[in-house]
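Work through the exercises below with the model in view. Try each task before you read its solution.

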Amino acid sequence: MAAAAPAGPDFAAALTRSAVAVIAEVKRQSPSKGTINAAIDAGAQAAAYESGGAAAISVLTEPRHFGGSSSDLSQVRERVRIPVLKKDFHIDPIQLLEARALGASAALLIARALDPVLLAEMIGECARLGIASLVEVRSESELERALSGGATVVGVNSRDLESLVVDARVPERIVPLIPASIPAVWESGVQAAADVERAASFGADAVLVGSALSASADPVGAVEALAATPRRGRA
């Protein structure tokens, strides 16, 4: 199935535009928020995001904590022309093969969840399959591991996945350290245009927004409100 699936649009390239790119997420629930939008239609929601100017779509495929599924990703891939990120707890290379088979352009790899050898192996497997690796970090040492492993996109999560506490000082510290040649994504805590401006001021190329968009009654307008902040880049 992976061999037969057409390649998705270039995820990394989609994040380098004049404005801060919005990665809009399809999200039914989360450990921190509980139920967000249980009845969300993944395909229709993604199409609305694209109409609002999203650069890419993130789809949670983890079922237990986030209520997602591979079916959600398939539905999204059928409805949009922009890149799709498979967001899950990827801990085995076979999951990346699944991502490629489903038509994903990228897969999330959480540095904290993978030992250095496995992280490098997973990044390499993404490259072999022709999909981007969005490597999520929260410290300088994790960033070093991501870069040495060959990450094509780096995300900095302001939410601690263990305590679920959001601390914007984490991406403020780490994002400026990411080489300018690698797209930097500010993850979590983004709800309004002021949050995107804050991310831009620290050099973020993109923001990943889940709860605020999935809960919105007007997903087109919600994305439009976030997608107009100029990107400043990093030195």
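Start with Phe202. Its relative accessible area is 29%, so this residue is partly exposed. The scale is simple: buried means under 20% relative accessible area, exposed means over 50%, and partly exposed lies in between (1.4 Å probe, protein chains only).

The model is predicted: local features need pLDDT of at least 70, side-chain atom pairs count only at pLDDT 80 or more, and totals for chains, interfaces and linings use all residues. Residues are numbered from 1 along each chain as its sequence is written, and side-chain values use heavy atoms, with hydrogens and water left out.

**Exercise 1. Find the aromatic pairs and describe each one.**

Step 1. Count. There are two aromatic pairs in the structure. To pair, rings of Phe, Tyr and Trp (its six-membered ring) need centres within 6.5 Å; planes under 30 degrees apart are stacked, over 60 edge-to-face, the rest tilted.

Step 2. Take Phe66 and Phe89. Their ring centres are 6.3 Å apart and their planes meet at 45°, so this pair is tilted.

Step 3. Place the two residues. Phe66 belongs to helix α3 (residues 63-66), while Phe89 sits in the loop between β5 (84-87) and α5 (93-101), so the pair ties together parts 23 residues apart in sequence. Helices (H or I, at least four residues) and strands (E, at least two) are DSSP runs, numbered from the N terminus.

Step 4. Check exposure. Phe66 is buried, at 14% relative accessible area. Phe89 is partly exposed, at 36%.

Step 5. Turn to Trp186 and Phe202. Here the ring centres are 6.3 Å apart and the planes are at 40°, so the pair is tilted.

Step 6. Place this pair too. Trp186 is part of strand β9 (residues 184-187) and Phe202 lies in the loop between α9 (193-201) and β10 (206-209), so parts 16 residues apart in sequence are tied together.

Step 7. Finish with Trp186. This residue is buried, with a relative accessible area of 3%.

**Exercise 2. Which residues line the second largest pocket, and which line the largest cavity?**

Step 1. Fix the terms. On a 1 Å grid over the protein atoms alone, a cavity is a set of points where a 1.4 Å probe fits but cannot get out; a pocket is an open set with protein on both sides within 12 Å along at least five of seven lines; lining residues have an atom within 4 Å of a point. Points join across faces, edges and corners, and volume is the space filled by probe spheres set on them.

Step 2. Begin with the largest pocket. Its volume is about 540 Å³. Its lining has 30 residues, and Lys27, Phe66, Lys87, Arg159 and Ser188 are those nearest its centre. Two or more lining residues come from each of α3, β6 (106-110), β10 and α10 (211-214).

Step 3. Go to the second largest pocket, of about 150 Å³. Ala5, Pro6, Ala7, Gly8, Pro9, Ser74, Arg77, Glu78, Ala101, Leu102 and Gly103 line this pocket. Helix α4 (residues 70-79) gives the largest share of that lining, three residues.

Step 4. Look for closed space. One cavity of 30 Å³ or more turns up in the whole structure. The largest cavity has a volume of about 30 Å³. Asp88, Phe89, His90, Ile91, Leu108, Ile110 and Ala113 line it.

**Exercise 3. Trace the strand pairings from β4 to β8, and judge how covered β5 and β7 are.**

Step 1. Recall the rule: two strands pair if DSSP finds at least two bridges between them.

Step 2. Start at strand β4 (residues 56-60). Four bridges join β4 to β5, and the two run parallel. Leu60 is opposite Lys87 in β5.

Step 3. Move to β6. β5 and β6 are parallel, with two bridges. Lys86 faces Ala107 in β6.

Step 4. Continue to β7. Five bridges link β6 and β7 in the parallel sense. Ala107 stands opposite Ser133 in β7.

Step 5. End at strand β8 (residues 153-157). β7 and β8 run parallel and share four bridges. Val137 is across from Val156 in β8.

Step 6. Judge β5. Both of its faces are covered: Val84 and Lys86 are buried on one side, Leu85 and Lys87 on the other.

Step 7. Judge β7 (residues 132-137). Six of its six residues are buried, so the strand is largely enclosed by the rest of the structure. One side carries Ala132, Leu134 and Glu136, the other Ser133, Val135 and Val137.
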